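Me: Please take a close look at a single residue in this model that catches the eye for its backbone. Then connect its surroundings to the rest of the fold.

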Amino acid sequence: MAQLEQRLPVELFLDLDRSGPVPLYYQIASRLEQAIMDQTLPAGARLENEVALATRLGLSRPTIRRAIQDLVDKGLLVRRRGIGTQVVHGKVTRNVELTSLYEDLERSGQKPETRVLSVEVVPADETAAEALGLPLGSSVLHMQRLRSADGVPLAILDNVLPGQFADLDREALEKHGLYQLLRARGVTMRVAKQRIGARAATAHEAELLDLSRGAPVLTMSRTAFDNSGVAVEFGQHCYRPDRYSFEVTLVDR
């Protein structure tokens, strides 16, 4: 749950140079960034509105708005409908390797939270059957989850697993990452095929991720294989681009 609105200490801005060459919005943004980094403004804190802050500091609202937008672009602040401007830990940069989002968040010091949207055994459709190497119509476990970090929605995770994992339940999926649960069952994931892209969010995705309708989302589809070459998971995920990015190291052959 978001914290109550937090008034910024005026002391942060006492040394603003109002006549020098450095733009005021940049000075404001720098001080806000430092306050977030040293946890004067902790993750989850809600900033007072732009009008109130501008009035207290004797600055124009456009100056405050641009400073805040700079930190939104950096992934340190997020604007949420009905809540306001909220502090977050920062943008998650994910190396393209065989890890789960849950593990990436934990490694970056953020608190992953999961809301299970659905989990059910269904017949495999053509896409899932092909990805998992199963006959069309085979029983598979289909799940959809909303993953958040420090209370801010980050990604919608849509996964299909072969039928032997049909007993994975909602409670386990809310408490643990999917790869953690698979490893606990003795599954060793060795390699994956992955595709990264982008598209416009659907109305439902925009609502879940707290985005404007039609806003861009990052997408990732992945099929993971165990050490015997058997497909154990097929995922189709979408991410908020202001809170998430992929990082790839390229090597000349």
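Reply: Happy to! Let's begin at Asp210, which sits in the loop between α8 (203–209) and β10; helices are DSSP runs of H or I with at least four residues, strands are E runs with at least two, and both are numbered from the N terminus. This is a predicted model, in which local features need pLDDT of at least 70 and side-chain atom pairs count only at pLDDT 80 or more, while totals for chains, interfaces and linings use all residues. Residues are numbered from 1 along each chain as its sequence is written, and side-chain values use heavy atoms, with hydrogens and water left out.

Asp210 is not a glycine, yet its phi is positive, at about 60 degrees. Most residues other than glycine have a negative phi. Asp210 is also counted as buried, because its relative accessibility is 13% (buried means under 20% relative accessible area, exposed over 50%, and partly exposed in between, with a 1.4 Å probe and protein chains only).

Now step back into α8, the helix before this loop. Leu208 and Leu209 are among the residues touched by Ile156, where contact means heavy atoms within 4.5 Å. Ile156 belongs to strand β8 (residues 152–162) and is buried, with a relative accessible area of 9%. Beyond four places in sequence, its other contacts are Arg145, Leu146, Glu205, Gln236, His237 and Cys238. The Cys238 contact bridges 82 residues along the chain, with the two C-alpha atoms 5.4 Å apart.

Leu146 meets Leu208 and Leu209 as well, and it also touches Ile156. Leu146 is part of strand β7 (residues 139–149) and counts as buried at 7% relative accessibility. Setting aside neighbours within four places, its contacts also include Glu113, Thr114, Arg115, Leu117, Pro153 and Ala155. For another long-range pair, the C-alpha atoms of Leu146 and Glu174 are 9.8 Å apart, with their positions 28 residues apart along the chain. Ala149, in β7 too, is buried with a relative accessible area of 0%. Its C-alpha lies 4.8 Å from that of Pro112, although the two are 37 residues apart in sequence.

On the other side of our loop comes β10, and that strand leads us to the largest pocket. Here β10 (216–226), β9 (189–200) and α5 (126–132) each contribute at least two lining residues. (On a 1 Å grid over the protein atoms alone, a cavity is a set of points where a 1.4 Å probe fits but cannot get out; a pocket is an open set with protein on both sides within 12 Å along at least five of seven lines, and lining residues have an atom within 4 Å of a point.) The lining consists of Thr127, Glu130, Ala131, Lys193, Gln194, Arg195, Ser221, Arg222, Thr223 and Phe234. These split into 2 nonpolar, 4 polar and 4 charged residues (Ala, Val, Leu, Ile, Met, Phe, Trp, Tyr, Cys and Pro count as nonpolar, Asp, Glu, Lys and Arg as charged, and the others, Gly among them, as polar). The pocket volume is about 260 Å³, taken as the space filled by probe spheres set on grid points joined across faces, edges and corners.

Positive phi values also turn up elsewhere, just after two helices. Gln39, just after α1, has a phi of about 65 degrees, and Gly75, just after α3, has one of about 85 degrees. Helix α1 (residues 24–37) has 14 residues that should span 20 Å at 1.5 Å a residue, and its end C-alpha atoms are indeed 20 Å apart; the expected span is 1.5 Å times one less than the number of residues. Its buried residues, including Tyr25, Ile28 and Leu32, pack against α2 (50–57), α3 (61–73), β3 (77–80) and β4 (84–87). From the α3 side, the buried residues are Thr63, Ile64, Ala67, Ile68, Leu71 and Val72, and their cover includes α1, α2, β3 and β4. Within β4, Thr85 touches Ile68, as well as Ala45, Arg46, Leu47, Leu77, Val78 and Arg79. Thr85 counts as buried, at 11% relative accessibility.

To place all this in the whole chain: there are 8 helices and 12 strands, and 47% of the 253 residues count as buried. Of the contacts between residues at least 6 apart in sequence, 61% join residues at least 24 apart.
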